[in-house]
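Colleague: I'm new to reading protein models and could use a guided tour. Can we pull the structure up and go through it feature by feature?

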Amino acid sequence: MSNYFKMLVFVVIICFFLGCSKNAELSLTQLLDRTISQEMPTLLFLSDTSSFRYRRVKEMLDNKEARDILKQFRFLEINVSEYQYFNQLLYSFATNYFIIMDNRNIVSIVPYSLSNDSILDRICNYKNHPLKDCIKDISLLDGDEQLISSTINQIFMVQYLHTKHLISDKEYTDSLYSSIKVLPYFYNQYLLCKMDSFGETNYAWLDSLNIWERKLYDLPMKELMLRRFNVDSCAKSNIKFENEVANLGKINLNESIEHIFYFSNISNAPSVIYNVEATCGCMVVSWPHAPILPGEKDSINVVFKGLSIGYFNKNIWVNTNSSKKRLVLIFMFNILINCSYENFFCYYWGIICLYYFQFVWK
């Protein structure tokens, strides 16, 4: 085999792998570019394959009636676990829903919370259900629906045009800044932070995010917290708790009790706790936001209030940049009625009065 032929085979193999790599990294914008049409409306199915409802939606889409209706649309299914852009854009609590686009503008949204017949009807009659009226059905955003819908479309179009290099970086950032003034949008801040090396004051909004935002934007939260403290995203830390299970024993009803989980970083990389989720609204959790350096110790503080009687077992999920993404802390406690002398005296007289009115007073 000649050297020339060997070189030709080598070039062909390299080109093949480059082509595979390009397809593997196919962006959402490229997908939309293939699908969004100027001649006909586009129906985007934002799916969550991990949801128990996903199979029902797929069965509905495979129905003959649904297939006939979908012929009037360009159809594309997007798995939100792979492409989270739309969920971030809409700040949505829904997992399976349809977005109808016309001329690259989002004109309507149909959530799966409706029945199958209602979904098909809404898709057919999307012009009677404009985006501004759909916001309350699918988004956690509050405020003027018209203003929210116009801002959503502005962000979508600017993101699309910037990815296609049809607008400059300055036009892109100016547009994002203007939409931030209208709505305190996480995704706008996220894009701006990715573009610029922001200072501490520009990252301060991360600390004020509520529990819904932290849960919805889990991956961007992790990325931004690591960027904020210049921690290598590939570095894997490891923190170890002195005790992962806390048995608080007996707690009086409506009593507040505090517990501290101590831990240490036993790895060679800085550890960043970017979110802590409590599975019960009766717990208030605080944790260190700055990196815990190798060998250092710190703690997670939990304040719990017993609101109902019974034995409980609650979890706290700690999200870090460790190889084990989520650590679980367990709370066990038994909430009882306070049986102090004063309470016993009140209950005693309450029972006597009840007995009197029930059996004596007639």
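Colleague: Let's start with strands: how many bridges join β5 to strand β7, and do they run parallel or antiparallel?

Modeller: The general idea comes before the case. Strands of a sheet pair through backbone hydrogen bonds, either parallel or antiparallel. A strand here is a DSSP run of E with at least two residues, a helix is a run of H or I with at least four, and both are numbered from the N terminus. Two strands pair if DSSP finds at least two bridges between them. In our case, β5 and β7 (residues 256–265) run antiparallel and are joined by three bridges. Ile 239, for instance, stands opposite Asn 265 in β7.

Colleague: Before we go on, what kind of model is this?

Modeller: This is a predicted model, where local features need pLDDT of at least 70, side-chain atom pairs count only at pLDDT 80 or more, and totals for chains, interfaces and linings use all residues. Residues are numbered from 1 along each chain as its sequence is written, and side-chain values use heavy atoms, with hydrogens and water left out.

Colleague: Got it. What is the strand order in the open sheet of four strands?

Modeller: Reading across, the order is β5-β7-β10-β9, and the pairing is antiparallel. At the edges sit β5 (239–241) and β9 (283–286), each of which pairs on one side only. From one strand to the next, the twist averages 25° (axes are lines fitted to C-alpha atoms, for helices over the stretch in contact, and angles run from 0 to 180 degrees between N-to-C directions).

Colleague: And β8, is that mostly covered or uncovered?

Modeller: For that you need a cut-off: buried means under 20% relative accessible area, exposed over 50%, and partly exposed in between, using a 1.4 Å probe and protein chains only. Strand β8 (residues 273–278) is mostly covered, with five of its six residues buried. β8 runs antiparallel to β11 (residues 310–320), and five bridges join the two. Asn 275 has Asn 319 as its bridge partner in β11.

Colleague: How many salt bridges does a search of the whole structure find?

Modeller: The search looks for a side-chain nitrogen of Lys or Arg within 4 Å of a carboxyl oxygen of Asp or Glu, and finds five salt bridges. One of them links the side chains of Glu 77 and Lys 58, at 3.1 Å from N to O. Glu 77 is in strand β2 (residues 74–79) and Lys 58 in helix α3 (residues 54–61), so this pair ties together parts 19 residues apart in sequence. Glu 77 is partly exposed at 27%, and Lys 58 is partly exposed at 28%.

Colleague: What about salt bridges inside a helix, say the one Lys 64 forms: which residue is its partner?

Modeller: That's Asp 68, with the closest N and O atoms 3.2 Å apart. The two are four residues apart in helix α4 (residues 64–70), about one helical turn. Lys 64 counts as exposed at 55%, whereas Asp 68 is partly exposed at 37%. Lys 64 and Asp 68 also belong to a salt-bridge network with Lys 71.

Colleague: Last one: how many residues are in the largest nonpolar core?

Modeller: In soluble globular proteins, nonpolar side chains tend to be buried together. A nonpolar core is a set of buried Ala, Val, Leu, Ile, Met, Phe, Trp, Tyr and Cys residues joined through side-chain atoms within 4.5 Å. The largest one has 51 residues, and Phe 86 and Ile 99 have the most contacts inside it. Apart from that core lies another, of 25 residues, including Ile 273 and Val 285.
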